[in-house]
Amino acid sequence: QVQLVESGGGLVQAGGSLRLSCAASGGTIRNYAMGWFRQAPGKEREFQVAISWSGVITHSADSVKGRFTISRDNAKNTVYLQMSSLKPEDTAVYYCAAARTAYDDTAYWSQSRYGYWGQGTQVTVSS
């Protein structure tokens with residue numbers, strides 16, 4: 001059973017940067033697409049970025065395109081979210097997730113295609 005643990009969240013000023021990490025244990029994420037989602041107060045959890053199982057293809061939500069970058073290091077069994085030019089509206093709990101099925105890059109935006117979730121890490125952007 002894969003377990004995911006996010007880290008790297010915290011308080012940052014608007015315009016600043018943060019890098020979140022998602023470390024997997026209990027199994028390899030090498031062949032699984034990965035995604036980052038976030039949930040702001042009073043809102044539903046929503047897709048942010050995803051990376052294909054091969055690491056070749058990435059997808060981003062329009063709101064973070066050009067500011068957020070997802071990457072993976074299969075040797076470390078870890079996925080990263082590099083966030084830059086942060087805005088107060090980026091304040092949320094950020095979750096990483098691994099796809100239910102290996103070698104499946106479809107419906108990357110859909111929460112239902114992810115079978116493993118971390119507990120989340122809080123990111124707060126002050127104005």
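These legends walk through several views of a predicted protein model.

**Figure 1. The whole protein is built from strands.** Welcome to the overall view of this predicted model. The protein has 11 strands and 0 helices, so its pattern along the sequence reads β-β-β-β-β-β-β-β-β-β-β. Its radius of gyration is 13 Å, close to the 14 Å that the globule rule gives for 127 residues, so the protein is as compact as a globular protein of that length. Along the principal axes, the C-alpha trace spans about 40 × 25 × 25 Å. If you follow contacts between residues at least 6 apart in sequence, 60% of them join residues at least 24 apart.

**Figure 2. The surface and its charges.** Here we look at the outside of the protein, which exposes about 6300 Å². Carbon and sulfur atoms supply 48% of that area. The side chains include 12 positive and 9 negative ones, and the centres of these two sets lie 4 Å apart. As for the inside, buried residues make up 43% of the 127 residues.

**Figure 3. A look into the largest nonpolar core.** In soluble globular proteins, nonpolar side chains tend to be buried together. In this protein, the largest nonpolar core has 32 residues. To find your way around, start with the residues that have the most contacts inside the core: L4, M34, W36, F68, L81, M83 and Y94. Several strands each supply at least two core residues, namely β3 (18–25), β4 (34–39), β5 (46–51), β7 (68–73), β8 (78–83), β9 (92–99) and β11 (121–126). Strand β9 gives the largest share, with 5 residues.

**Figure 4. Y114, a buried tyrosine in strand β10.** Zoom in on Y114, found in the strand that covers residues 114–117. With a relative accessibility of 1%, Y114 counts as buried. Leaving aside residues up to four places away in sequence, its contacts are A33, M34, G35, F37, A50, A97, A98, A99, R100 and Y108. Another residue to look for is T101: 13 residues separate Y114 from T101 in sequence, and their C-alpha atoms are 8.2 Å apart.

**Figure 5. Two loop residues with positive phi.** Most residues other than glycine have a negative phi. N77 goes the other way, with phi near 55°. You will find N77 in the loop between β7 and β8, where its relative accessibility of 13% makes it count as buried. Y103 is not a glycine either, yet its phi is positive at about 60°. This tyrosine, Y103, sits in the loop between β9 and β10.

**Figure 6. S54, a partly exposed loop residue.** This view centres on S54, in the loop that runs between β5 and β6 (58–60). The relative accessible area of S54 is 38%, which makes this residue partly exposed. For a landmark, try N74: S54 and N74 are 20 residues apart in sequence, with 9.7 Å between their C-alpha atoms.

**Figure 7. D62, an exposed loop residue.** Our last stop is D62, in the loop between β6 and β7. D62 is exposed, with a relative accessible area of 69%. To place D62 within the protein, compare its position with that of A14: the two are 48 residues apart in sequence and 19 Å apart in space, C-alpha to C-alpha.

Methods:
Residues numbered from 1 in each chain as written. Predicted model: local features only at pLDDT ≥ 70, side-chain atom pairs only at ≥ 80, totals over all residues. Heavy atoms only, no water. Helix = DSSP H or I, 4+ residues; strand = E, 2+ residues; numbered from the N terminus. Rg over C-alpha atoms; globule rule 2.2 N^0.38 Å. Buried < 20%, exposed > 50% of the residue type's maximum accessible area, 1.4 Å probe, protein only. Contact = heavy atoms within 4.5 Å. Areas by Shrake-Rupley, 256 points an atom, 1.4 Å probe, with all protein chains shown as cover. Lys, Arg positive; Asp, Glu negative; His and termini not counted. Charge placed at Lys NZ, Arg CZ, Asp CG, Glu CD. Core = buried A, V, L, I, M, F, W, Y, C linked by side-chain atoms within 4.5 Å.
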